[in-house]
Amino acid sequence: MREIQVQQIIDVIERLCIDANNHLPEDVKCAIKNCRACEDGKIACGVLDNIIENFEIADNENLPICQDTGMACVFLEIGQDVHIVGGDLTEAVNEGVRRGYKNGYLRKSVVADPVRRGNTGDNTPAMIYTEIVPGDKIKITIGPKGFGSENMSAVRMFKPSAGLQGIKDFIIETVEAAGPNPCPPIVIGVGIGGTFDKAALLAKKAIMRPLDTSNPDPYYADLEKEMLEKVNALGIGPQGFGGKTTAIGLNIEVLPTHIAGMPCAININCHVTRHKTEVL
């Protein structure tokens with residue numbers, strides 16, 4: 001049994017909140033640059049040039065890439081041989097987020113009640129997702145989620161008779177309905193299977209998978225490639241001004257499901273697809 005102090009968790013989460021908001025992952029940067037090389041429209045090229053300049057300035061000056069520094073989504077893979085000591089895990093996560101958003105001068109965007117509103121003032125509570133895994137370590141991933149793109153996400157409870165075509169149509173329909181609103185080029189996470197809630201979680205995890213990887217199942221890897229091509233054929237383009245680049249990535253994650261269902265969720269993220277990971 002390995003002990004991990006909650007103070008270590010607080011410190012890591014504080015740092016990851018700042019780093020994730022200031023520095024795009026390398027795979028996302030590469031995907032944007034690769035799409036820029038393929039664009040030929042003057043406006044589309046100009047928008048992508050501005051996006052590249054923006055994340056380079058953020059890198060060099062340690063500034064947020066976007067003014068919407070998101071709601072903190074915290075994914076914890078906790079080894080079953082870990083004993084967390086010194087305090088409460090949930091409180092530690094929220095304290096790390098609180099410090100990160102304060103000390104990183106990040107915008108506080110969380111309201112205390114979904115209907116009555118009222119800003120909490122420190123960007124807490126975080127959305128916390130825990131998973132027990134083998135080992136004696138804790139893997140912490142922070143994924144700040146802006147809501148310009150989150151609002152464009154969707155879930156649908158298909159019957160099995162909808163088949164693969166139903167899922168394909170749903171992806172295209174969702175991206176078309178989103179149009180320029182999620183600040184394309186976007187990253188699309190698709191979750192298929194599980195239950196109503198699990199499909200949505202799969203979709204959220206999918207947007208954080210590196211864009212230079214494919215689903216390990218060739219069937220779904222081919223589907224990822226096909227649907228990315230079809231999304232980009234829509235012509236929505238960077239920031240909705242038209243072009244070849246509506247999405248820079250489309251990742252699919254799947255789980256077994258009930259014989260009577262085929263849940264499918266789509267989580268959309270803008271080109272500022274932020275996530276940072278550290279292992280304790």
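## Strand 6 and a nonpolar patch

Val-155 sits in strand 6, which spans residues 154-158. In this predicted model, Val-155 is partly exposed, and its relative accessible area is 35%. That value clears the cut-off of over 30% that patch residues need. Val-155 joins Met-157 and Phe-196 in a nonpolar surface patch of about 290 Å².

## Helix 6 against helix 8

Two packed helices are described by the angle between their axes and the distance between the axes. Here the pair is helix 6 (residues 163-178) and helix 8 (residues 218-232). Their packing angle is about 35°, and the axes lie 11 Å apart. The crossing of helix 6 past helix 8 is right-handed.

Which residues meet across this pair? Helix 6 contributes Leu-164, Lys-168, Ile-171, Ile-172 and Val-175. Helix 8 answers with Tyr-219, Leu-223, Glu-226, Met-227, Lys-230 and Val-231.

Val-231 deserves its own look. This residue belongs to helix 8. Is Val-231 buried or exposed? Val-231 counts as buried because its relative accessibility is 0%, and the cut-off for burial is under 20%. Its C-alpha atom is separated from that of Ile-172 by 6.3 Å, although the two residues are 59 apart along the chain. Neighbours within four places in sequence aside, Val-231 is in contact with Ile-171, Ile-172 and Val-175. The same list of contacts holds Ile-188, Thr-246, Ala-247 and Leu-250.

## Helix 4 and the loop that follows

Asn-94 is part of helix 4, residues 89-103. Asn-94 is buried, with a relative accessible area of 12%. Setting aside neighbours within four places in sequence, Asn-94 is in contact with Thr-124, Pro-125 and Ala-126.

Two of those contact residues share a cis peptide bond. The bond joins Thr-124 and Pro-125, and omega is about 5°. Pro-125 lies in the loop between helix 4 and strand 4 (127-133). Asn-123 is in the loop between helix 4 and strand 4 as well. Asn-123 is not a glycine, yet its phi is positive, about 65°. Asn-123 counts as buried, at 0% relative accessibility.

## Backbone features in other loops

Another cis bond runs from Pro-184 to Pro-185, with omega near 15°. Pro-185 is placed in the loop between helix 6 and strand 7 (186-194).

Gln-239 also has a positive phi, about 60°, although it is not a glycine. Its place is the loop between helix 8 and strand 8 (247-257). Is Gln-239 buried or partly exposed? Gln-239 counts as partly exposed, because its relative accessibility is 26% and burial requires under 20%.

## Salt bridges between separate elements

Side chains of opposite charge can pair when their charged atoms come close. How many salt bridges does the structure hold? The total is 19.

One of them pairs Arg-36 with Asp-49, with the closest N and O atoms 2.7 Å apart. This pair links distant parts of the chain: Arg-36 is in helix 2 (residues 26-38) and Asp-49 in helix 3 (residues 42-61), 13 residues apart. Arg-36 is partly exposed at a relative accessible area of 24%. Asp-49 is partly exposed too, at 36%.

Asp-68 and Arg-107 form another salt bridge, at 3.4 Å from N to O. Asp-68 lies in the loop between helix 3 and strand 2 (71-79), and Arg-107 in the loop between helix 4 and strand 4, so the pair ties together parts that are 39 residues apart in sequence. Asp-68 is buried, with a relative accessible area of 14%, whereas Arg-107 is partly exposed at 37%.

## A charged network at helix 4

Helix 4 also carries a local pair. The side chains of Glu-95 and Arg-99 meet in a salt bridge, 2.7 Å from N to O. Both residues lie in helix 4, four residues apart, about one turn of the helix. Glu-95 is partly exposed, with a relative accessible area of 21%. Arg-99 is partly exposed as well, at 30%.

Which residues belong to the network? Salt bridges with shared partners join Glu-95, Arg-98, Arg-99 and Asp-122.

Terms used. Residues are numbered from 1 along each chain as its sequence is written. This is a predicted model: local features need pLDDT of at least 70, side-chain atom pairs count only at pLDDT 80 or more; totals for chains, interfaces and linings use all residues. Side-chain values use heavy atoms; hydrogens and water are left out. Patches are made of residues with over 30% relative accessible area and no salt bridge: like charges are joined within 9 Å, nonpolar side chains (Val, Leu, Ile, Met, Phe, Trp, Tyr) within 5 Å. Accessible areas come from the Shrake-Rupley method with a 1.4 Å probe; for residues, only the protein chains shown count as cover. A salt bridge is a side-chain nitrogen of Lys or Arg within 4 Å of a carboxyl oxygen of Asp or Glu. Helices (H or I, at least four residues) and strands (E, at least two) are DSSP runs, numbered from the N terminus. Buried means under 20% relative accessible area, exposed over 50%, partly exposed in between (1.4 Å probe, protein chains only). Axes are lines fitted to C-alpha atoms, for helices over the stretch in contact, and angles run from 0 to 180 degrees between N-to-C directions. A crossing is left-handed if the near helix is turned anticlockwise from the far one by less than a right angle, and right-handed if clockwise. Contact means heavy atoms within 4.5 Å.
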